[in-house]
Each structure stands twice: as structure tokens, then as C-alpha cells.
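Student: Hi, can we go through this one together? I'd like to start with how the chains meet.
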There are 2 protein chains.
Amino acid sequence: MDNSKLNTLLVRGTDAIYPSKSFLEQKLTGSNVLKVYLGVDPTGELHVGHTVVLRKLRHFQDLGHKIVLLIGSFTAQIGDPTDKSQTRKQLTKDQVIDNAKNYISYAKCILDFDSENRPEIVYNGDWLEKLTFKDVVELAAHFSVQQMLERDMFQKRLQSNLPIGLHEFMYPLMQGYDSVALDVDVEIGGTDQTFNMLAGRKLLEQYRGKEKSVVAVPLLTDNNGKKMGKTEGNAVFLNLSPEDMYGSIMSLSDGFLENMFVLATDVSIEEIEQMMSDLSGGANPMKYKKKLAYILTKMFHGEGGAIKAQEVFEQVVQGNQLPADMPTQVLTSEPLMLRDLLVKTGLVASNGEAKRLIEEGAVSIFVGNEEIKKNDSKEEVEILDGMIVKVGKRRYKKIITGII
Amino acid sequence: MDNSKLNTLLVRGTDAIYPSKSFLEQKLTGSNVLKVYLGVDPTGELHVGHTVVLRKLRHFQDLGHKIVLLIGSFTAQIGDPTDKSQTRKQLTKDQVIDNAKNYISYAKCILDFDSENRPEIVYNGDWLEKLTFKDVVELAAHFSVQQMLERDMFQKRLQSNLPIGLHEFMYPLMQGYDSVALDVDVEIGGTDQTFNMLAGRKLLEQYRGKEKSVVAVPLLTDNNGKKMGKTEGNAVFLNLSPEDMYGSIMSLSDGFLENMFVLATDVSIEEIEQMMSDLSGGANPMKYKKKLAYILTKMFHGEGGAIKAQEVFEQVVQGNQLPADMPTQVLTSEPLMLRDLLVKTGLVASNGEAKRLIEEGAVSIFVGNEEIKKNDSKEEVEILDGMIVKVGKRRYKKIITGII
């Protein structure tokens with residue numbers, strides 16, 4: 001038994017273990033191979049925050065346990081009400097299948113699919129689709145309405161007089177039955193899934209007399225508890241190009257550094273503590289951020305992608321130079337108002353965004369190697385072949401004149 | 001259109017009509033044949049109170065509408081939580097089938113099964129068994145948890161801190177889906193079923209854009225609102241022999257007379273009002289009770305049964321004579337303690353009941369035609385061939401001595 005691996009599994013990025021840490025530790029130090037699963041509803045765009053649970057699953061794989069990645073092909077169509085203040089829109093089967101493919105491609109960057117003990121991928125539609133009304137009633141009979149209403153988010157809705165759809169009470173039954181169907185020893189999930197995971201613990205105990213361990217993993221937040229998320233505007237999305245992923249991590253607030261290292265990388269706790277101590281002592285965070293950006297870009301784009309992204313960052317953002325390669329846009333040589341130029345080249349999404357960025361001083365034009373700052377959105381700009389339009393630190397377009 | 005029949009349908013024994021009386025009246029005065037259903041979960045012993053809804057169904061049949069008697073073969077296995085302060089035990093399929101046969105045999109005494117427009121009998125297991133988890137979620141999505149919690153009995157349970165089983169929230173969905181599956185125009189049920197019937201009204205509107213009328217029929221109570229029921233100890237059970245049914249009605253408190261006539265017979269409202277006015281004027285209720293007992297006994301046992309039951313009542317209870325026929329019991333001629341004699345002959349269920357009845361002066365023995373009152377439960381009684389043991393006004397056993 002590798003004690004450092006065991007410790008990583010039980011402590012690092014583990015918020016709570018049910019029924020207890022010692023119960024799971026005893027199982028882990030025994031000789032049995034445990035069946036450990038993570039269920040995910042592939043419902044939207046993925047960001048680094050979504051990888052934290054996958055890394056916990058990897059810790060089990062590293063200790064030789066059987067890991068199962070459950071795709072909620074059924075549950076995703078229903079929609080987990082977790083942390084939604086409003087009842088959620090249901091997805092179609094096609095949307096779910098597309099999202100699932102996408103999810104698995106990223107999971108391959110974190111779990112070891114080349115190992116002989118490779119992850120098993122299962123779809124909960126395979127058993128949940130077969131359950132009848134009677135089965136559902138039997139599942140439901142194990143819970144009281146009062147127990148369901150104890151969930152934080154339901155309490156919040158009751159207090160705000162927002163409706164709780166009756167079908168939302170079914171979600172814990174579905175996720176709970178997954179544990180029964182898979183007959184697992186351990187379930188991993190975010191802390192926001194604790195209620196559902198414990199519902200499964202109860203059902204597994206009632207249906208098979210088996211005590212499942214539940215490992216709740218923290219959500220990825222900065223040091224002040226601010227979540228990483230799409231709504232929060234700080235998500236490092238997994239579908240970004242190497243350069244954009246690297247840049248997106250460099251743009252994160254420093255408060256994310258520690259948790260990102262702990263929850264999203266393998267960098268040792270000792271090394272992380274040293275970095276944090278250096279930072280408190282006044283060290284420049286740039287070096288550590290670049291290390292983080294490099295590690296994560298490498299995770300999803302390989303070493304080549306990471307090296308190139310780092311070069312571009314150093315050259316363009318730190319060195320304030322023009323990048324070696326940049327996207328091009330063909331335009332006619334007729335003059336354009338500056339804000340229209342930004343919209344036509346796709347550098348901004350709207351006239352409004354163009355105006356705002358120009359007024360903030362974020363826009364310039366290069367003719368030859370000379371950078372000319374622009375700050376009048378209505379300025380008429382002459383269109384020259386080879387000129388470069390720059391927005392912010394990392395958005396560029398090279399103009400080619402021609403007939404379009 | 002027969003106006004008196006229409007009036008009977010809309011007014012007599014009708015507690016409430018949804019969405020309105022006028023909406024249903026309009027449908028009834030049109031030329032369409034309406035599909036009208038009553039759903040029953042055959043879960044227990046039936047008494048006269050259970051016939052009130054059947055009579056309302058008959059009113060629709062009398063106007064030429066298509067009536068459907070739905071046997072809740074599925075729902076009865078789950079159990080309606082209505083008016084139960086505790087979660088109810090679920091029945092097995094076999095129990096439900098036995099109860100259904102029994103129910104239909106009594107329904108035949110009230111509905112016209114000989115008519116060409118005979119009642120259709122359907123079983124909700126035929127469609128509810130086929131629903132999948134996904135279908136259930138879709139049904140559930142039409143309701144909020146808050147709407148479910150509005151039900152009186154759920155409010156009561158919440159306030160008394162008694163659990164509401166989550167499966168109990170499924171019951172309105174099942175009964176509601178019956179309306180969709182049957183595509184009905186009208187549903188009939190007891191007032192205690194109003195919530196479930198309105199759930200079906202909502203679902204039918206959402207699934208088929210059809211507006212179902214709901215007719216809520218009152219529970220059978222006495223003038224003070226005291227229910228007829230097994231628990232209340234005043235139920236006139238339908239499985240009684242003619243004599244016992246007749247006697248059981250004669251034992252009802254006078255307060256049941258008016259409602260029994262209105263809700264459980266065809267006696268005209270004018271005639272019932274005359275009887276009630278006579279009673280307020282000091283008339284003896286015996287005559288009216290005998291009329292009621294005769295009508296109901298005839299309903300379930302035919303004219304012959306009713307005539308004989310009335311004769312026995314007049315002779316034995318009113319005339320205090322021995323009945324012409326009575327059940328016999330073979331005993332050895334060894335003397336028996338009085339209370340053991342009552343138990344051995346099956347006249348009482350226990351030593352305790354024997355003792356109580358003897359002490360109340362309800363027990364006597366006939367030798368020849370001489371009645372000897374008995375009041376010592378430990379008295380040793382000589383067993384004679386042909387002697388008669390009498391308990392209360394209507395329980396008799398004739399003793400035959402022999403080897404057993």
C-alpha cells in the first residue's frame with residue numbers, strides 16, 4: 001500500500017467522506033478491488049472546475065481500483081435541480097449524446113485510458129429507461145417528502161415562494177438507483193451532489209444491504225470562496241485553443257492560484273505551500289501562474305501545445321510583440337469607421353463592445369511595425385493591405401485587401 | 001331530455017361540480033354521449049357508504065351516457081393516502097384481484113348490467129403498468145411540490161410531524177393519468193377524492209386539451225356529520241346475510257335515516273321530506289327504518305331475501321319469538337361452563353365477550369319453549385338435545401347432542 005497515494009486520496013481535495021473517513025480507509029487498506037464511480041450529466045460547456053472530481057477518480061485508479069465513469073444519459077434529459085433557483089429546462093437525447101462524447105474526450109486527458117485497468121464507461125439510460133411506474137413508487141417509498149424538503153436549495157425555493165417541480169424530487173431517486181444498478185463500493189461527486197449521493201447510499205443499503213462510501217469533493221473556488229463558473233465570467237473552458245487556455249489561466253485572479261494547484265494539478269502539497277509562502281513574502285505571482293497555465297495547457301493539449309502557448313504569451317503579452325502567426329481577414333480597400341472595422345473583422349461581437357474597448361484605449365492599429373493607438377470609435381480608417389488590428393492583449397487580425 | 005332525471009343527477013347527492021354545474025349541464029343537454037367514469041381501488045370490506053358513488057354513476061347511465069367502472073388494479077397496490085394519518089400498507093396483486101371480483105358483484109346490484117348500454121369495466125394496470133420512469137417524470141413536471149402539499153391531509157401530517165411518503169405524492173399522478181388514458185368527459189368520486197380528480201382534470205387539459213367535469217359526491221354520514229365506516233363501528237356491510245343486513249340497518253342510529261334515503265335509495269325527495277316532517281312531529285321512526293332496511297336488503301338480496309329478512313326481524317326482534325330456522329351446533333352431552341358454551345357454539349368470539357354479554361343480561365337458554373335468563377358466566381350448564389342458546393336479539397344456536 002502506497003501511503004502517500006492513500007493520503008492524497010483521503011485528504012487532498014476531499015471535503016467530506018461518508019459514513020466516515022476511517023470506514024473508507026479500512027476498505028482501501030484491505031485487499032479487495034473497490035468499484036468506484038463518478039456520475040456526470042453532460043449538460044453544458046466544461047471548464048477546469050469540472051475536472052476536480054475526475055482527478056479524485058484518478059486517485060482511486062492509481063491505487064488499482066476499478067473505476068466507472070457513469071454518463072447520465074437518462075438523468076441529463078431530466079435535469080438535476082441542484083443549485084438552480086428555477087426549474088431547469090430538459091435536454092433532448094441528441095444534445096445529451098453530443099455532450100457525452102465531448103465529456104469523454106476531456107476525461108481521457110485526466111483518467112488513464114491506456115491502462116489495463118481502464119475506466120469503464122456506462123450510461124444510466126440502460127437501466128433507468130427500464131424502470132416502471134411501480135419501480136419508481138417503490139424507490140420513492142424509501143423517502144419522505146420531509147427528507148426531500150431538507151435540501152438547502154428546496155428550502156430556499158420554499159422561502160422565496162418559487163415552485164419546486166414535483167419531477168425534481170425524482171432526481172435523487174434516479175441518481176440513487178444508479179448506485180443499486182452498479183452495485184458500487186464508493187461514489188465520488190461534488191459537495192453539491194451530497195444529498196443525491198446519500199440517497200444512493202440509503203437505497204443501496206435497502207436493496208442490497210451494502211454500505212457505500214461517499215466522497216464529496218469541493219467546488220473549485222478562489223480563496224474567498226468565489227466559484228469558477230460560466231455565470232461568474234471566470235471559467236477556464238476546456239474547449240479553448242492552447243493559446244487561449246493559457247491566456248485564460250493567466251487572466252485569473254491570484255486568489256485562484258492555491259486551489260487550482262491543489263485541486264487541478266499533481267503538484268505536491270509541499271511545493272504548493274512553498275509557493276504560497278513565497279507569495280505572502282511578496283514574490284511576483286507571474287512565475288507561479290505561468291507554471292499553472294503550462295501544466296493545465298499541457299494536460300489538454302500536450303507538451304507541444306503548452307510550449308507554443310507559453311511562447312506566444314511571452315512574446316505577445318509579456319514582450320508586447322506581434323505574434324508570429326495571426327488570423328487574417330479579407331476586406332475591400334474602402335475606408336471604414338473604426339467601430340465597423342472591429343465588427344467586420346470579428347474582433348468584437350457588437351458595435352457596443354467596439355465602442356467600449358476603443359474608449360478604454362484597448363485598440364490599436366499596426367502599419368508596418370508602428371503601433372498607432374486609436375480612441376475615436378467614429379474615426380474613418382483607411383484600409384491597407386498588411387495592416388494589423390489589435391484588441392486588448394491577445395486579439396489580432398491581419399488585413400488582406402481584395403475583392404470579396 | 002328528462003328534466004327530473006337531469007335534476008337528480010345534478011343536485012341529489014352531489015356535493016360539488018367542477019369547473020361548474022352550468023358547464024356540466026350544458027354538456028348534458030347537448031346531443032353527445034358523454035364518457036363518465038368512476039375509479040375504485042378495491043382495497044377492503046364494502047359497506048353501504050361505498051354505494052353512493054355507484055348510484056351517481058347510475059344517474060348518468062339512466063340518461064344514456066357511456067359509463068366506465070375503473071378498477072384500480074394498479075393504484076390499489078400502491079394505496080391512496082387519502083384520509084390516512086399514517087402511510088398505508090400496500091396490497092399484493094392477488095389481494096387486489098379478489099377484492100375487485102367482490103366489488104364488481106356488488107356494483108351489479110346498482111348499475112344496469114343488462115342494458116345494451118352496459119357499463120364498461122377497465123383496469124388501470126393496463127396502462128399504468130406500461131409507463132416508464134420518463135413518463136412519470138413528465139407527469140410529475142405538471143405539478144409543483146407546493147401544490148401537492150396543499151392537500152388537507154398532507155398539511156395535517158406536516159403539522160403533526162408525521163412522515164409523508166414520497167410515493168404518496170405519486171398517487172394523484174396515477175389517478176390523474178387514468179383520465180388521460182380513458183379520455184373521459186366526466187369523473188365521479190367521493191369528496192375525499194377531489195384533489196386527485198382535479199389532478200386528472202389538469203392532466204387531461206394539458207395532454208389532450210379537454211375539459212373534464214368532476215362530480216364530487218358526499219360521504220355517507222348521519223345528521224351530525226358522523227361517518228359510516230368500519231372504524232366507526234356503524235357500517236352496514238354488503239357481505240351480510242339478508243337477515244343480518246336488515247338487522248344491521250335497524251340498529252343504525254335514527255340520525256342516518258335521512259341521508260341513507262337520499263344517498264342510498266331512489267325514494268323521491270318529496271317522500272323523504274314528508275317522512276322527516278312526520279318524525280319531527282313525533283312519529284315513531286320504526287316504520288321508516290323498516291322501509292329503509294327493506295329497500296336496501298332487496299337491492300342486494302332480491303325481493304325474496306328482503307321479505308324473509310323482514311319476517312325474521314318482526315318475529316324474532318319485534319315479536320320476541322324464536323325464529324323458524326336457526327343454525328345448529330353438535331356438542332357432546334358433557335356439562336359446560338356457560339361462557340365456554342358461548343365460545344364453543346361460535347356465538348361469541350372470546351371468553352371476554354361471553355362474560356360481558358352474560359353480565360349485561362343478553363344471554364338466555366330455551367329448553368322446550370321456556371326461556372331461562374342466565375347471568376353467571378361460570379355457571380355449569382347441562383347440555384340437552386334441542387336446547388337453544390340465544391345471545392342478544394338476533395343470535396341463536398340450536399344444540400344437537402352427539403359424538404364429535
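Student: How many salt bridges are there across the interface of chain B and chain A?
Tutor: The rule finds 0 salt bridges there. A salt bridge is a side-chain nitrogen of Lys or Arg within 4 Å of a carboxyl oxygen of Asp or Glu.

Student: Ok. Which elements of chain B give two or more residues to the side that touches chain A?
Tutor: They are α4 (75-78), α7 (133-140), α8 (145-149) and α10 (171-182) of chain B. Helices are DSSP runs (H or I, at least four residues), numbered from the N terminus.

Student: Which one gives the most?
Tutor: α7(B), with 6 residues.

Student: Is this a predicted model, and what should I know about the numbering?
Tutor: This is a predicted model, where local features need pLDDT of at least 70, side-chain atom pairs count only at pLDDT 80 or more, and totals for chains, interfaces and linings use all residues. Residues are numbered from 1 along each chain as its sequence is written, chains are lettered from A and ligands numbered from 1 in the order in which they are written, and side-chain values use heavy atoms, with hydrogens and water left out.

Student: How many residues are in contact?
Tutor: 32 residues of chain B are in contact (heavy atoms within 4.5 Å) with 32 residues of chain A.

Student: New topic. Where is Asp278(A)?
Tutor: Asp278(A) sits in helix α14 (residues 269-280) of chain A.

Student: Buried or exposed?
Tutor: Asp278(A) is partly exposed, because its relative accessible area is 27%. Buried means under 20%, exposed over 50%, and partly exposed is in between (1.4 Å probe, protein chains only).
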